[in-house]
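Notebook open, coffee ready. I want to look around this structure and jot down what I find.

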Amino acid sequence: MTGHQKLKPLIIGKTKTPRCFKHILPHAKNSWITSEIWEKWVQKLDKRMIAECRKIALVFDNCPAHSKEIIPKLKNVTVFYLPPNTTSKLQPMEQRVIKNFKIYYRKRTVRKVITALKNNPSMPKINLRESISEISKAWNYDVTDHTIRNSFTKQEWR
């Protein structure tokens with residue numbers, strides 16, 4: 001909620017072995033989160049929190065992939081679930097931070113395309129590696145702690 005520490009975005013790919021990211025990206029048949037990917041991610045986060053001697057709370061929507069079976073196995077991560085059909089109304093991240101992130105990512109991508117068009121009039125191609133780089137930059141540099149803090153103030157998400 002303070003925005004001073006952000007987790008890295010989890011990027012899920014359709015291809016099992018994309019050439020530029022062999023064995024790095026989690027894979028899902030339809031490029032949506034699966035319960036297996038989600039459980040591995042939460043368990044890895046729990047291990048990290050144990051190592052850092054920190055306890056955190058995570059709030060998730062009611063996506064079927066967000067399995068409730070993993071909860072008893074977690075030590076330093078407490079998981080809370082939002083009621084069905086309330087995510088967009090109750091979740092500040094959904095309303096402000098994710099929207100802000102998407103705007104910055106698109107802005108960076110459009111700038112890259114415009115720059116490429118100035119140098120070469122044919123339509124430029126952006127590959128997976130470049131897209132992930134832009135995602136990382138938008139999240140790490142453009143979405144600030146101030147943006148995150150403001151999204152949790154009452155007047156912002158009523």
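How much area does the protein chain expose, and what share of it do carbon and sulfur atoms supply? I looked it up: about 11400 Å² is exposed, with 56% supplied by carbon and sulfur atoms. Accessible areas here come from the Shrake-Rupley method with a 1.4 Å probe, and for residues only the protein chains shown count as cover.

Note to self: this is a predicted model, where local features need pLDDT of at least 70, side-chain atom pairs count only at pLDDT 80 or more, and totals for chains, interfaces and linings use all residues. Residues are numbered from 1 along each chain as its sequence is written, and side-chain values use heavy atoms, leaving out hydrogens and water.

Next I read along the sequence and got the pattern α-β-β-α-α-α-α. Helices (H or I, at least four residues) and strands (E, at least two) are DSSP runs, numbered from the N terminus.

Then I went for the inside. Of 158 residues, 30% count as buried, meaning under 20% relative accessible area with a 1.4 Å probe, protein chains only. The largest nonpolar core has 11 residues, including W38, M49, I56 and V79. Such a core is a set of buried Ala, Val, Leu, Ile, Met, Phe, Trp, Tyr and Cys residues joined through side-chain atoms within 4.5 Å. Helix 1 (35-51), strand 1 and strand 2 each bring at least two residues to this core, and helix 1 gives the most, with 4.

Last stop was N76, in the loop between strand 1 (56-60) and strand 2 (77-81). N76 counts as buried because its relative accessibility is 13%.

Definitions and conventions. Buried < 20%, exposed > 50% of the residue type's maximum accessible area, 1.4 Å probe, protein only.
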